[in-house]
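Trainee: Hi! Could you walk me through this one before I head back to the bench?
Mentor: Happy to. Let's pull it up and look together.

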Amino acid sequence: MPGAIVRKLTPEQEELDRKRQELSAVRAALAERELELADLRAQLKSFEGRYLRQVGVLYAELDDWEAKVAALEASLRPSASAEQNAQEARKRAEETHKATHGEASKVQEFKPSADLRSLFRDVAKRIHPDFAKDDADRQRRTLLMAQANDAYSRGDTEALQRILDEYDESSESVQGEGIGAELVRILRQIHQGRKNIAAIEQELVDLRTSEIARLWQDAEAAKSEGRDLLTELADTVRRQIADLRKRHLDVAGEGKSRGR
């Protein structure tokens, strides 16, 4: 029986195979970075919500009492500077209250499952905008990736799977034909993928050095020592509130003694 005929690949086909493997590695690396970024964003958002509910509300109360004291002092000892101080204190109290009771305070604890993380990797590999074949495809992928990030932060596995399924079933997921065109497209995707990996790594650095991230890291370090940093901060602010309440009573008493 004659042996099977083995087709020898052309140099172009060999190069295309090498670049496909390289692109696959870049896709995997980019998906990991996207997952790392999505995790960090969600964790910081979750921690910020807990901070606002546990400590932020107390800071809002503290600022409110500072505004009350400033207003009372301005009424007892009227002056342009006292009035300005009272107005600034009230504005600060309103801003703190708004920030504390906004949407960020409602975010709950983020604990992604292994299945959710694995699914997000698959989505990032398939639909990331860096692997688009034209501008229209990039715009569609960008929208889908934003939806995927939102679904991941909410722990919505069904939404992530639906995004992936709908993309795989769409005509836009079909790649073009021709070795030359595909090779050029893959080279550009590799370049853009690496560029985006570098951008994500820089964003990770920026996030990890942000104020809320440093507080989160301090809280995690305290937790390893058996301490609850947010509880400690809350207790400190409560003592400050108590001091301001006493000060308010003292200033009010001073006003009564003056007959005002």
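Mentor: Let's start with helix 3, where Ala114 and Asp115 are exposed on the side away from the buried residues. Bear in mind that this is a predicted model.
Trainee: Okay, so which residues of helix 3 are buried?
Mentor: Leu116, Leu119, Phe120, Val123, Ala124 and Ile127 are the buried ones in helix 3. They sit on the same side of helix 3, because they cover an arc of only 140° around the axis.
Trainee: Why would residues a few places apart point the same way?
Mentor: An α-helix has 3.6 residues a turn, so residues three or four places apart point the same way.
Trainee: What do the buried residues of helix 3 pack against?
Mentor: They pack against helix 1, helix 4 and helix 5, the last of these being residues 157-168.
Trainee: And how far apart are the end C-alpha atoms of helix 3?
Mentor: They are 20 Å apart. That agrees with expectation, because 14 residues at 1.5 Å a residue should span 20 Å.
Trainee: I had my eye on serine 118. Where does it lie?
Mentor: Serine 118 is in helix 3 too. Its relative accessibility is 34%, so serine 118 counts as partly exposed.
Trainee: How far apart are serine 118 and lysine 195 in space?
Mentor: From C-alpha to C-alpha they are 23 Å apart, and in sequence 77 residues separate them.
Trainee: Let's switch to helix 2. Which of its residues are buried?
Mentor: In helix 2 those are Ala82, Ala86, Ala89, Ala93, Thr96 and Thr100. Looking down the axis, you find them within an arc of 95°, so they line one face of helix 2.
Trainee: What does that face pack against, and what is exposed on the other side?
Mentor: The buried residues of helix 2 pack against helix 1. Ala80, Lys91, Glu94 and Lys98 are exposed on the other side.
Trainee: How many residues does helix 2 have?
Mentor: Helix 2 has 21, running from 80 to 100. From first C-alpha to last it reaches 30 Å, close to the 30 Å expected.
Trainee: Since helix 1 came up, is lysine 19 buried or exposed?
Mentor: Lysine 19, which is in helix 1, counts as buried because its relative accessibility is 18%, and the cut-off for buried is under 20%.
Trainee: Which residues does lysine 19 touch?
Mentor: Leaving aside residues up to four places away in sequence, lysine 19 touches Leu183, Ile186, Leu187 and Ile190.
Trainee: Now pockets. What volume does the largest pocket have?
Mentor: About 340 Å³. It is lined by 16 residues, and Arg50, Glu109, Trp216, Glu220 and Lys223 lie nearest its centre. Helix 1, helix 7 and helix 8 are the elements that each give two or more residues to that lining.
Trainee: How does that lining split by class?
Mentor: Seven of its residues are nonpolar, two are polar and seven are charged.
Trainee: And what about the second largest pocket, what's the volume there?
Mentor: That one is about 190 Å³. Its lining has three nonpolar, two polar and seven charged residues, including Asp130, Lys133, Arg138 and Arg188.
Trainee: Which helix gives the most to the lining of the second largest pocket?
Mentor: Helix 6 does, with six residues. Helix 4, residues 135-153, also supplies at least two.

Definitions and conventions:
Residues numbered from 1 in each chain as written. Predicted model: local features only at pLDDT ≥ 70, side-chain atom pairs only at ≥ 80, totals over all residues. Heavy atoms only, no water. 1 Å grid on protein atoms, 1.4 Å probe; cavity = no way out; pocket = protein on both sides within 12 Å on 5 of 7 lines; lining within 4 Å. Points joined across faces, edges and corners; volume = space filled by probe spheres on them. Helix = DSSP H or I, 4+ residues; strand = E, 2+ residues; numbered from the N terminus. Nonpolar A, V, L, I, M, F, W, Y, C, P; charged D, E, K, R; others polar. Expected span 1.5 Å × (residues − 1). Buried < 20%, exposed > 50% of the residue type's maximum accessible area, 1.4 Å probe, protein only. Arc of directions from axis to C-beta. Contact = heavy atoms within 4.5 Å.
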